[in-house]
Every structure is written in C-alpha cells, then in structure tokens.
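User: Hey, I've got a structure to look at for class and I'm not sure where to start. Can you walk me through it?

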Amino acid sequence: MAAYWRVFLACAVLLRLTLALPTCDNVLSILPGKVFVPDTQFYNDSISSYFYLSGQQSPSYIVAPATADEVAIVFKAINDCSIDHVAVRSGGHATNPGFSNADQGVTVDLRGLNDIHLSKEDPDLVSIGAGALSVDVYDVLDPLNRTVLGARVASVGVGGFLTGGGISFFSAQHGFGCDSIRNMQVVLANGTIVEANATSHPRLFRALKGGQNNFGVVTRFDLVAYPQPAFWGGAVMYPSEADAAQLSAFAQLKMSAEYDPHVALEQTFVYLGAQKTYSSTNNMFYTKPVANASALRPFTDIQPQTSNTMRISGASDFATELEGFQLKAQFAVYATLSLPVSATMLVRVHEMWRESNPDLVAKVLDITSTMTYQSIPPPPVADASQNSLGFASNATPQKDMVLLLFSYYWGNDKDSTVVNTAVSELTKSVQEAFGDKDSYKYLNYAASWQDPIASYGKESVRELIQVSKLYDPTGVFQKVVSGGFKLGV
C-alpha cells in the first residue's frame, strides 16, 4: 500500500509540474492570465482598437505579453506546439487584412510593451517599447525640446512604423525613421533574445530596417532623441478650384534648386463619393519655430481656403490633429508608387485619379477616395549605418522622386473586392504611364497585392533572404507569421 501511495504522489507532482508549463492542447497556459478568447473584455477591446475594419479579424486567441521575456515564452510555445497561424501587432494601423491579426489563429498583441525611458548616460538616446504609440513618445519628449523620427499620426505604433522604414515630420532633415535606430532588442523565432546594432548582429540590424516582420519580433527600440523646439505647421484646406494652384506649388517645391530640409508636406486631394465633392488639404510643417516660413508660402498663399490651423506647436499636438483627419472604423486600402518628379506627371496623375472616381462611386456609393503627394526621405550617407531599402548613399530621391499614395475608405466589406480591383487598375495605369515597375514602394503604404520588398532591389532582397535563413532557419516568420510582405522562401 505504501508503494502505491508513493507512485500516486509522484504522478501528482509530475502532473502539477506539467500543468505549470505551456501545453500544446491548452493555449491559455502559454502566459497564464495574459491569453484571451473571444467575448472577453480584453479580447473585444483589442479587436476594436484596430484602426481600420480591414484589420479587425477574429483570432482564436490574443496573447498579451508585457516583457521581452514573455514574448520569448510565447515564441518557444509556438515552436514547441506547432501553432501554425500567428500575427504580431503593435499599434494596429495596417490596412491589409491579416497583416497584424490572425483570423482563427493566435495574435500576439505587443501594446503592453510600451515603456519609454530616456537614457541617463546619453541625453541623445531614448528607449521605446515596440507597442508604444507615437503620440505617447511625443508626450514625453516635447516638454524636453526633444523628438524622435516617429509617425505623423498619433496612434500609429512604433514597431511597424520603424521596421517598415518610417516617414516622420523630421525626415527631410534626418532621413527615414529606421535610420535613427541605434539598437533593437529582438526575440528570434526560437525564443532567443538578442541585441541588434551596428556591431552586434549587424546583418539582422540592417535587415530589420525596412524588412519588417521577416526575422523576429522587435520588443524595444533605442532611438536618437534629436533636439527639437516647437515648430510651425498645421493643415490648410481648399475647395477644388484651388487644385491647379496646388499642383503648381508642389511642382515648384520639388523642382527648386534649393532643398530645404525643414519642409515637410503632404498634399492630399479628396473625393467624397456620397457628396460627389472634391477638395484638397496640405498638412505642412516647417520644423523650426518660424511662423509663415517663406518656403511654404506658395501653399499658404493659395486662395480660397476653407480652413487654416497653421500655428507653432509640438509634435504631439500636430500628430493628434492629423489623427482627427483619418477615417477610422472603415475598410481601407492603400497603394503606393514612387515617380520621377515633373510638372506634367503631377497634373496627369491627378487627372487619372479624378477620371477613375465616377465609375467607382457608381458601384460603391460611400467611397472616399484620396490621392497624396509627398517627398521621399534622403538615404543615409555612406559612412552611416545602412538600411535595407535599396537606395545608394549618393541617391537623391528627396529631390528627384515623388511618393504617391492612393488611399480609399468604405463602409461595407461586400465592396472590398470592387474597391481593391479599381485601385489596383489605377495604380497599374499610373505606373505604366510614368513609373518603373521596380521603383521604390514604401512598405507602410503598400497594398497586399504590391511587393515593396522586391522594390528594394535584387541585392538587398538576396541579403534579406540570407539573413532570414540565418536567424529563422525553420521559416517561422515566413510560414507561421504569414501576414505581411514575405521574402518568398
């Protein structure tokens, strides 16, 4: 009888130890108390926090780690349990379905990794959790007259923004957001945690600057904190009769012999299908405390204007204002091209966009169609740490090219195929008329049917594939974390 009880107690202890570890038949045990199923409060809040309806899929589980060690536990369990459908989210701004949410799979929600710490040793360095929102970072740094190359819209998450390249208020002066990264803490597919920078894992460091979710999960970014006082900016809105003057002013800016690194401008043309009306907006900034900066006068002088919020303020205020202009809780698609700058191109692409709208609104009555021109940031200089975006160090895309964004919004998923087809056809027509099929495509603006990584060039793609095989030999971030733009390996 004593021997029986010894065996019984031994089995009970073994069972208790087993239940304390993640089990493959119980996803809830991966991170006890941090795994959520449908119709729980955290689950519902997480899904509704995705900015666009096109990102609001229905995962079977949402896992919410709060530290890099917990992210590592999650990915060890993903490997050990052969979980085959995973997505990772930061801010949840992706327009492409499935890119940051795993329908009927496991979504890893990084919003709990949101710490923001200024270095005590180096005032030019700030450490930011990958789940932090851009506005949260600005709120910390604005009072200190510091800034980072963060997003221009308040609720965009740091993680996806930086690993996709990142265009900021300050990019004309400092480059892509990813070029301001000094170090990344990365959880690899096998759960190993590494620090990637110019001297430690330098190939991984470069690959993540534009290669997004193909190599590991970045849990922390150490970024340059640039000196930055309040600056002049805001939004000016115009009726459609100002379109010709708008296009002329943009051509004048881009073709000027003098490049001003303090000018940041998004020129957007808007069509409201329900009202069948056109208008335009300039979200523009001069990153010095100089009101009525002469470099932006060709735009601020355009009349008539329907509203004008130009003022001196900080990045948090401006990002919050831009957030208010976004059409939240709609289905959405973005598509992008980079085109050689010319006055003829600017006018004709605008015409092509306008010509495409009547057919689309006849099918989708509530469509909002927009077209935006802006500049591409300068690439890093030759002796700086490089990114994976494919620009030569002596290239001048900030002078020679225009970044084009088409963005469309609608209310019912039944119209998604119609809208995506129309946007794809328009994008293809513009590319054939003015572009190069291999020219750079900004990943954070690309449609699911585009291939921005291929646009980085064959040499860059070869290196990205080699880095993927080196750090993720079993292809977890190609096959399991299947959302996003993949390398084809």
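Analyst: Sure, let's go through confidence, then the sheets, then the cavities.

User: Okay, what's the mean pLDDT of the chain?
Analyst: This is a predicted model, and the mean pLDDT of the chain is 94. As for coverage, 95% of its residues reach 70 or more.

User: Where does pLDDT stay under 50?
Analyst: Over residues 1-22. For that stretch the model has five contacts beyond four places in sequence. Where pLDDT is low, the predicted coordinates should not be read in detail.

User: Got it. On to sheets: what's the order of the five strands in the open sheet?
Analyst: The order is 5-6-10-8-9, and the strands pair in an antiparallel way.

User: Which strands stand at the edges there, and why is one side of each left without a neighbour?
Analyst: Strand 5 (116-118) and strand 9 (193-196) are the edge strands. Each has a single partner strand, so one side of each has no neighbour in the sheet. Going from one strand to the next, the twist averages 15 degrees.

User: How many bridges join strand 8 to strand 9?
Analyst: Four bridges join them, with strand 8 covering residues 181-187. If you want a pair to find on screen, Gln-185 has Glu-195 in strand 9 as its bridge partner.

User: Which helices pack on that sheet?
Analyst: Helix 4 is one of them, touching strand 5 and strand 6 (125-129). The direction of helix 4 makes about 30 degrees with that of strand 5. Helix 7 (residues 202-211) also packs on the sheet, where it touches strand 8, strand 9 and strand 10 (217-224). Its direction makes about 95 degrees with that of strand 8.

User: And the open sheet of four strands, what's its order?
Analyst: That one runs 1-2-4-3, with mixed pairing. Strand 1 (35-36) and strand 3 (86-89) are at the edges, each pairing on one side only.

User: Do strand 3 and strand 4 run parallel or antiparallel?
Analyst: Parallel, with four bridges between strand 3 and strand 4 (residues 106-109). Look for Arg-89, whose bridge partner in strand 4 is Asp-109. Helix 2 (residues 41-48) packs on this sheet and touches strand 1, strand 2 (61-63), strand 3 and strand 4. Helix 2 points at about 85 degrees to the direction of strand 2.

User: Switching topic. How many cavities of 30 Å³ or more does a search of the whole structure find?
Analyst: Two. The largest has a volume of about 60 Å³, and the second largest holds about 30 Å³ of space.

User: What lines the largest cavity?
Analyst: The lining includes Ile-128, Ser-134, Tyr-138, Phe-161 and Leu-223. Helix 4 (134-141) and helix 5 (158-163) each supply at least two of the lining residues. That's the helix 4 we met on the sheet with strand 5 and strand 6.

User: How does that lining divide into nonpolar, polar and charged?
Analyst: Ten nonpolar, two polar and no charged residues.

User: Which residues line the second largest cavity?
Analyst: Ser-356, Asn-357, Leu-360, Tyr-408, Ala-422 and Leu-426. By type, that's four nonpolar, two polar and no charged.

User: Which helix gives the most to it?
Analyst: Helix 11, with three residues. Helix 11 spans 343-363, and helix 13 (416-434) also supplies at least two residues of that lining.

Key
Residues numbered from 1 in each chain as written. Predicted model: local features only at pLDDT ≥ 70, side-chain atom pairs only at ≥ 80, totals over all residues. Heavy atoms only, no water. 1 Å grid on protein atoms, 1.4 Å probe; cavity = no way out; pocket = protein on both sides within 12 Å on 5 of 7 lines; lining within 4 Å. Points joined across faces, edges and corners; volume = space filled by probe spheres on them. Nonpolar A, V, L, I, M, F, W, Y, C, P; charged D, E, K, R; others polar. Pairing = 2+ DSSP bridges. Axes fitted to C-alpha atoms, helices over the stretch in contact; angles between N-to-C directions. Contact = heavy atoms within 4.5 Å. pLDDT = per-residue confidence, 0-100.
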